[in-house]
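Trainee: I'm new to this one. Could you walk me through it, one question at a time?
Mentor: Sure, let's pull it up and start.

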Amino acid sequence: MSMTFRGGAVAMVAHLTMILLIYFLAAMAVHAMHQRHLSRPAPEGYEQIMLIPSNQEQRIEGIVRALCRELFYRGKSFTLTVVADRTEAETIRIIEKLMHRQGIELSYLSAVPSDLVQGTSTENRAVRLIDLRDPEQ
């Protein structure tokens with residue numbers, strides 16, 4: 001009789017030890033996720049981006065992906081305005097595909113606004129101009 005009781009006690013202690021181990025591992029996982037969350041930089045708000053792609057079909061996908069990654073990591077929301085004409089249809093199609101996957105709508109302009117060319121912004125928020133045109137053009 002004492003042998004049965006002792007075997008049952010060992011099984012119960014092993015079972016309780018396993019439960020404590022599971023709780024400990026779960027607490028460590030929550031702690032690690034919380035630390036990772038705290039190590040992220042603080043969100044920096046909103047950014048307006050104006051992109052001049054200038055027939056960069058070969059490079060545009062990598063450029064747009066890197067831009068999205070950077071803004072996501074910094075916690076920024078953004079809008080993207082593409083400044084292009086009809087001759088850049090393939091470049092625009094690539095950008096549209098990438099932004100559609102991200103759930104972000106594009107806006108289009110046929111020319112850079114004059115206030116950006118002159119370096120004065122009439123709006124309160126800053127506009128980040130990414131110009132991929134060849135400087136010799």
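Trainee: Which residue in β2 does L51 stand opposite?
Mentor: This is a predicted model, where local features need pLDDT of at least 70, side-chain atom pairs count only at pLDDT 80 or more, and totals for chains, interfaces and linings use all residues. Residues are numbered from 1 along each chain as its sequence is written, and side-chain values use heavy atoms, leaving out hydrogens and water. β1 and β2 are strands (DSSP runs of E, at least two residues, numbered from the N terminus), and they pair, meaning DSSP finds at least two bridges between them. They do so in the parallel sense over seven bridges, and the residue in β2 opposite L51 is V82.

Trainee: How does the chain get from β1 to β2, and what is the handedness of that crossover?
Mentor: Follow the chain out of β1, and you pass through α2 before reaching β2. A crossover counts as right-handed if, with the strands pointing away from the viewer, the path from the first strand over the helix to the second runs clockwise. By that rule this β-α-β crossover is right-handed.

Trainee: Is β1 largely enclosed or open?
Mentor: Let's count its buried residues, where buried means under 20% relative accessible area, exposed over 50%, and partly exposed in between, with a 1.4 Å probe and protein chains only. Six of the eight residues of β1 are buried, so the rest of the structure leaves this strand largely enclosed.

Trainee: Which residue in β4 stands opposite I52?
Mentor: β4 covers residues 127–131 and runs parallel to β1, with five bridges joining the two. Opposite I52, you'll find D131.

Trainee: Which residues does Q56 touch, not counting residues up to four places away in sequence?
Mentor: Q56 sits in the loop between β1 and α2, and at 15% relative accessibility it counts as buried. Its C-alpha atom is separated by 6.3 Å from that of T91, though the two are 35 residues apart along the chain. Using contact as heavy atoms within 4.5 Å, and with that sequence limit, Q56 touches T91 and L132.

Trainee: Where do the buried residues of α3 lie around its axis?
Mentor: Helices here are DSSP runs of H or I with at least four residues, and the buried residues of α3 are T91, I92, I94, I95, L98 and M99. They cover an arc of only 160° (taken from the directions from the helix axis to the C-beta atoms), which puts them on the same side of α3.

Trainee: And which residues are exposed on the other side of α3?
Mentor: An α-helix has 3.6 residues a turn, so residues three or four places apart point the same way. The buried side of α3 is covered by elements including β1, α2, β2 and β3. Turn to the other side, and the exposed residues are H100 and R101.

Trainee: Which members of the largest nonpolar core touch the most other members?
Mentor: A nonpolar core is a set of buried Ala, Val, Leu, Ile, Met, Phe, Trp, Tyr and Cys residues joined through side-chain atoms within 4.5 Å. Of the 20 residues in the largest one, those touching the most other members are L51, V64, F78, L80, I95 and M99. The elements giving two or more residues to this core are β1, α2, β2 and α3.

Trainee: Which residue in β3 is the bridge partner of L80?
Mentor: β2 and β3 pair in the parallel sense over four bridges. Together with α3, they make a right-handed β-α-β unit. Within β3, the bridge partner of L80 is L106.
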